[in-house]
Amino acid sequence: MGLLAVFAQIIDPRKSRGRRHRLPVLLTLATCAVLAGARSFTAIAEWAADAGERMCSTLGIVRVPDASTLRRVFALLDADAFDSALGAWLATATTPAPGDRRRVAIDGKTLRGSRADDTAGRHLLAAFDQHHHIVLVS
């Protein structure tokens, strides 16, 4: 199942009047932009504008959304529904084939300077799926 189909399951919180972009398209654009390194709504909009005709025609975009549109949509969006949909898609996309084993590298660190006299230091733990090259837990 592709991202558009996954995001089509999320209820659009916007009023129907004045919508120019479908919610699954906006969420797919934003997800791809963030995976490419975008860290703000402006950066997401710039990435979408630079994505090219092929991306726009694949997603059915006539007019590229601007940063304020993305900001408004994400302000209204149910974050738990978005997280659940994206998490379920990632879980199915990274499930090993039958008979294969998942290879996971685990790394942990204690933050320097986080230990007090009687308090243990803060610990960080990361689990990395070596086949799919993704962080499972951080």
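Q: Why is Asp 107 called partly exposed?
A: Its relative accessible area is 43%. Buried means under 20%, exposed means over 50%, and partly exposed is what lies in between, with a 1.4 Å probe and protein chains only as cover. Since 43% sits between those two limits, Asp 107 gets the middle label. A word on the source: this is a predicted model, where local features need pLDDT of at least 70, side-chain atom pairs count only at pLDDT 80 or more, and totals for chains, interfaces and linings use all residues. Residues are numbered from 1 along each chain as its sequence is written, and side-chain values use heavy atoms, with hydrogens and water left out.

Q: What makes Asp 107 and Lys 109 a salt bridge?
A: Their closest N and O atoms are 3.1 Å apart. A salt bridge needs a side-chain nitrogen of Lys or Arg within 4 Å of a carboxyl oxygen of Asp or Glu, so 3.1 Å qualifies. The structure holds 4 salt bridges.

Q: What else does Lys 109 contact, leaving aside neighbours within four places in sequence?
A: Arg 122, His 123 and Leu 124, where contact means heavy atoms within 4.5 Å. Lys 109 belongs to strand S1, a strand being a DSSP run of E with at least two residues, while a helix is a run of H or I with at least four, both numbered from the N terminus. The C-alpha of Lys 109 is also 6.6 Å from that of Leu 125, although 16 residues separate the two along the chain.

Q: How do you know that Asp 12, Arg 14 and Arg 19 are linked in a network?
A: Asp 12 is the shared partner: its closest N and O atoms are 2.8 Å apart with Arg 14 and 3.4 Å apart with Arg 19. Both pairs count as salt bridges, and the three residues are linked in a network.

Q: Which of Asp 12, Arg 14 and Arg 19 are buried, and which are partly exposed?
A: Asp 12 is buried because its relative accessible area is 17%, and Arg 14 is buried too, at 15%. Arg 19 comes out at 37%, so partly exposed is the label there.

Q: Why is Arg 20 called exposed?
A: Because its relative accessibility is 63%, above the limit for that label. Arg 20 lies in the loop between H1 and H2.

Q: How do you know that Cys 32 isn't bonded to Cys 56?
A: A disulfide is a pair of cysteine sulfur atoms within 2.5 Å. The sulfur of Cys 32 is 12 Å from its closest cysteine sulfur, that of Cys 56, so the gap is too far for a bond. By this rule the count is 0 disulfides. The two cysteines also carry their own burial labels: Cys 32 is partly exposed, at 22%, whereas Cys 56 is buried, at 14%.

Q: What makes a set of residues a nonpolar core, and which residues touch the most other members of the largest one?
A: A nonpolar core is a set of buried Ala, Val, Leu, Ile, Met, Phe, Trp, Tyr and Cys residues joined through side-chain atoms within 4.5 Å. The largest has 19 residues, and Phe 7, Ile 10, Leu 23, Leu 27, Ile 44, Leu 77 and Phe 82 touch the most other members. Helices H1 (3-7), H2 (23-35), H3 (41-50), H5 (67-76) and H6 (79-93) give two or more residues each, and H2 gives the most, with 5 residues. Apart from this core lies another of 6 residues, including Val 25, Leu 29, Ala 48 and Cys 56.

Q: What makes Val 104, Ile 106, Leu 125, Leu 136 and Val 137 a nonpolar surface patch?
A: Patch members have over 30% relative accessible area and no salt bridge; nonpolar side chains (Val, Leu, Ile, Met, Phe, Trp, Tyr) are joined within 5 Å, like charges within 9 Å. These residues make a patch of about 440 Å², with areas from the Shrake-Rupley method, a 1.4 Å probe and, for residues, only the protein chains shown as cover. Strands S1 (104-110) and S3 (134-137) each supply at least two of the patch residues. Ile 106, in strand S1, counts as exposed because its relative accessibility is 62%.

Q: Why is His 133 called exposed?
A: Because its relative accessibility is 59%, over the limit for exposed. His 133 sits in the loop between strand S2 (123-129) and S3, and its phi is near 60°, a positive value in a residue other than glycine.
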